[in-house]
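Student: I'd like a close look at one part of this model, namely how its aromatic rings pair up. Start there, then walk me outward into the surroundings.

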Amino acid sequence: MKAVNNGVDLLKSHACLKTSVIFFISLTFFYIGKHWSQYNGDQNLIFFTTQSLLYPSKVILSPNLNKLFDLSTIFNDTSNSQTLAPISPLLDAFPPSQAAEMVEVERMGVLDETGAMKDEFSVGEFDPELVDNLSSGNESDVRVFGGRARVKRLKLCDRSMSEYIPCLDNVEVIKRLKSKKKGERFERHCPEKSLSCIVPTPIGYTTPIPWPTSRDEVWFSNVPHARLAEAKGGQNWILVDKNKFKFPGGGTQFIHGADQYLDQISKMVPDITFGGRTRVALDIGCGVASFGAYLLSRNVLTMSVAPKDVHENQIQFALERGVPAMVAAFATRRLLYPSQAFDLIHCSRCRINWTRDDGILLLEINRMLRGGGYFVWAAQPVYKHKPALEEQWEEMINLTTRLCWNLVKKKGYIAIWQKPVNNNCYLSREHGTQPPLCEPDDDPDNVWYVDLKACISRLPEAGYGTKVTKWPARLYDPPDRLQSIQIDAYLSRKELFKAEFNYWNETIASNVRVLHWKNFKLRNVLDMRAGYGGFAAALLENNLDCWVMNVVPVSGPNTLPVIYDRGLLGVMHDWCEPFDTYPRTYDFLHAAGLFSIERKRCNISSIMLEMDRILRPGGRVYIRDSLSLMDELQAIGRTVGWDVAVRDTYEGRYESYRIMVGKKHMLK
């Protein structure tokens with residue numbers, strides 16, 4: 001019996017020893033862990049991740065827990081724009097005055113900093129408005145750099161800035177111009193500091209009327225300016241009818257309607273063939289863009305341009321209607337379109353003196369007009385027989401003859417010229433004939449801040465630009481000017497062209513099928529890094545009733561000639577500067593790989609704020625870019641007030657790219 005009791009006591013002593021050892025080991029690890037988590041006085045969040053392929057589970061510390069970040073401070077920081085780092089080091093380098101404003105967020109939950117259960121804890125207050133209206137408030141709780149942070153939203157700009165175009169409304173610089181007689185005040189004069197607030201909507205702004213109804217009427221409250229209606233009401237441009245502007249379709253020179261006017265042009269020169277040979281047009285001094293609006297039904301895309309002049313708001317009306325348009329002026333610099341861009345260029349009482357300064361403005365028309373293309377001029381000198389007007393007509397005839405243009409038809413108030421398809425006529429002119437041919441090393445596609453030149457742009461000897469197929473075949477055929485683009489590839493250019501289209505066609509087809517893109521009611525679309533225009537072509541292929549402004553950034557190869565050869569519209573631009581359009585003029589902004597490139601040159605916060613300026617309330621942003629940028633882009637998107645979400649590409653979760661979708665709210 002005693003032996004049995006001794007055995008039991010022995011077992012008890014061993015169990016007690018084991019328990020004591022486990023207790024002391026646990027206590028030791030507890031204090032080591034506590035000391036480690038409080039190293040250097042920081043409150044570090046410890047969490048596990050399973051997203052690493054090399055390390056299936058690992059511990060990561062986030063130094064950003066309980067910190068308040070004010071991202072608005074980086075929107076004006078352009079001092080180091082050439083060496084901008086990711087947002088993480090920018091936030092780590094806040095000035096002391098701002099660091100003092102970073103208050104710790106109250107810890108919510110049932111665990112203390114050691115992981116132990118607390119007897120008392122706070123769950124915070126319930127705010128039903130925050131649930132009902134995600135756009136309210138001035139702070140957002142977002143995921144940043146692997147943790148979470150709260151970011152302040154930007155403030156609204158002054159109400160007077162509701163139609164602000166930064167590079168065209170720089171009053172201080174415009175006042176200091178040495179000369180304004182050639183229209184210098186209508187050109188780009190960008191401010192040194194970028195925008196740092198959100199441009200407000202006009203009082204009473206409402207969701208735009210959808211296309212095609214918007215061709216004929218828009219809400220008065222969205223463009224609340226009756227001056228144009230008062231000045232041009234008798235010319236059938238625009239009328240005010242209760243709470244709407246209505247557009248009867250007339251113009252100064254075609255008061256009976258654009259359709260009748262287009263029929264007249266077609267009868268004068270049948271070879272123009274709207275929707276076949278003529279696919280891309282330019283309308284200069286467009287008014288409210290009825291010429292371009294009615295050409296859309298004939299499968300012609302028209303870039304409608306006008307300066308921000310005494311009539312104001314012409315381009316704003318055009319874009320509100322859903323018609324392609326852009327603020328631009330014939331003054332001292334080349335327009336931002338490539339050589340041989342337009343099949344037809346139209347000027348109806350556009351108030352431009354084409355023969356001034358040795359015809360330098362008509363030479364710019366000649367640069368942009370495709371070989372074999374047509375120039376249509378409807379103006380008083382064509383048909384009125386007053387001495388001053390007859391003198392202007394003679395000057396025009398003399399200049400166009402020296403440009404080797406052929407006056408194809410003159411009837412009534414319309415004159416139509418055709419440009420030659422090669423340089424033969426230019427080379428056969430008498431020696432010393434003015435204007436001369438441009439030097440062989442002049443690049444007619446170089447347009448960013450390039451002065452106008454009083455010379456004739458040469459046509460490519462290989463016939464590039466003049467040999468485009470008819471619409472719609474030209475949308476799919478790789479054009480000859482692919483070979484003139486300065487990129488590394490040579491033999492594979494056509495394959496790259498086709499691959500881009502196939503990629504976007506499959507992607508958009510999936511978005512239409514799965515994400516119901518047709519329900520978005522897209523109309524005005526901006527592709528911020530257009531490449532060969534594959535995204536725009538895919539939208540057409542999938543029958544989305546919209547048009548696309550294809551932007552080719554100056555930081556990459558100039559593919560703009562290829563875009564126009566396909567029968568699409570586009571413009572050259574530097575995203576380090578604001579875009580030449582009114583606020584709230586696009587429904588959808590697409591940026592594929594843009595920020596990975598431009599972050600080396602620009603403050604990407606300024607780019608996203610510019611995107612917000614030109615995006616309509618209710619509009620969407622679609623950004624495809626590297627995974628490393630997504631946290632930063634999300635944070636900035638929240639700062640400007642968008643609802644944002646990130647999802648995988650169709651290549652899967654292990655692809656190095658992600659897609660961020662943002663939606664802009666209606667400001668109240």
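How many aromatic pairs does a search of the whole structure find?

Tutor: Searching the whole structure turns up 28 aromatic pairs; rings of Phe, Tyr and Trp (its six-membered ring) pair if their centres lie within 6.5 Å, with planes under 30 degrees apart called stacked, over 60 edge-to-face and the rest tilted. Take tyrosine 337 and phenylalanine 342, an edge-to-face pair at 5.8 Å centre to centre with 80° between the planes. Tyrosine 337 is buried, at a relative accessible area of 1%, and phenylalanine 342 is buried at 0% (buried is under 20% relative accessible area, exposed over 50%, partly exposed in between, with a 1.4 Å probe and protein chains only). Another pair is tyrosine 476 with phenylalanine 501: ring centres 5.8 Å apart and planes at 75°, so edge-to-face again. This pair links distant parts of the chain, 25 residues apart, with tyrosine 476 in the loop between helix H13 (424–427) and H14 and phenylalanine 501 in helix H14. (Helices are DSSP runs of H or I with at least four residues, strands are runs of E with at least two, and both are numbered from the N terminus.) Tyrosine 476 is partly exposed at 36% relative accessibility, whereas phenylalanine 501 is buried at 12%. Beyond these pairs, Phe330, Trp354, Phe375, Trp377, Trp393, Trp405 and Trp417 make up one aromatic cluster.

A word on ground rules: this is a predicted model, where local features need pLDDT of at least 70, side-chain atom pairs count only at pLDDT 80 or more, and totals for chains, interfaces and linings use all residues. Residues are numbered from 1 along each chain as its sequence is written, and side-chain values use heavy atoms, leaving out hydrogens and water.

Now follow H14 (493–514) out into the loop that leads to strand E16 (524–527), and you hit leucine 515. Leucine 515 is partly exposed, at 34% relative accessible area. Together with Val514 and Tyr650, Leu515 makes a nonpolar surface patch of about 270 Å² (patch residues have over 30% relative accessible area and no salt bridge, and nonpolar side chains are joined within 5 Å, like charges within 9 Å).

Strand E16 itself holds aspartate 527. Aspartate 527 is buried yet has no salt bridge, and arginine 529, the nearest side chain of opposite charge, sits 8.5 Å away; a salt bridge needs a Lys or Arg side-chain nitrogen within 4 Å of an Asp or Glu carboxyl oxygen. Setting aside residues up to four places away in sequence, aspartate 527 touches Phe535, Val548, Met549, Asn550, Val551 and His590 (contact means heavy atoms within 4.5 Å).

E16 also helps cover the buried residues of H18, alongside elements including E19, helix H17 (594–598), strand E20 (615–626), helix H19 (627–639) and strand E22 (657–663). Eleven of the eleven residues of H18 (604–614) are buried, so the helix is largely enclosed by the rest of the structure. Charged side chains are in there too: Glu610, Asp612 and Arg613 are among the buried residues of H18.

One more aromatic residue: tyrosine 582, in the loop between strand E18 (569–573) and strand E19 (586–592), is buried with a relative accessible area of 1%. Its C-alpha lies 6.7 Å from that of tyrosine 164, 418 residues apart along the chain.

Zooming out, the chain has 19 helices and 22 strands, and 50% of its 668 residues count as buried.

Note on methods. Areas by Shrake-Rupley, 256 points an atom, 1.4 Å probe, with all protein chains shown as cover. Lys, Arg positive; Asp, Glu negative; His and termini not counted.
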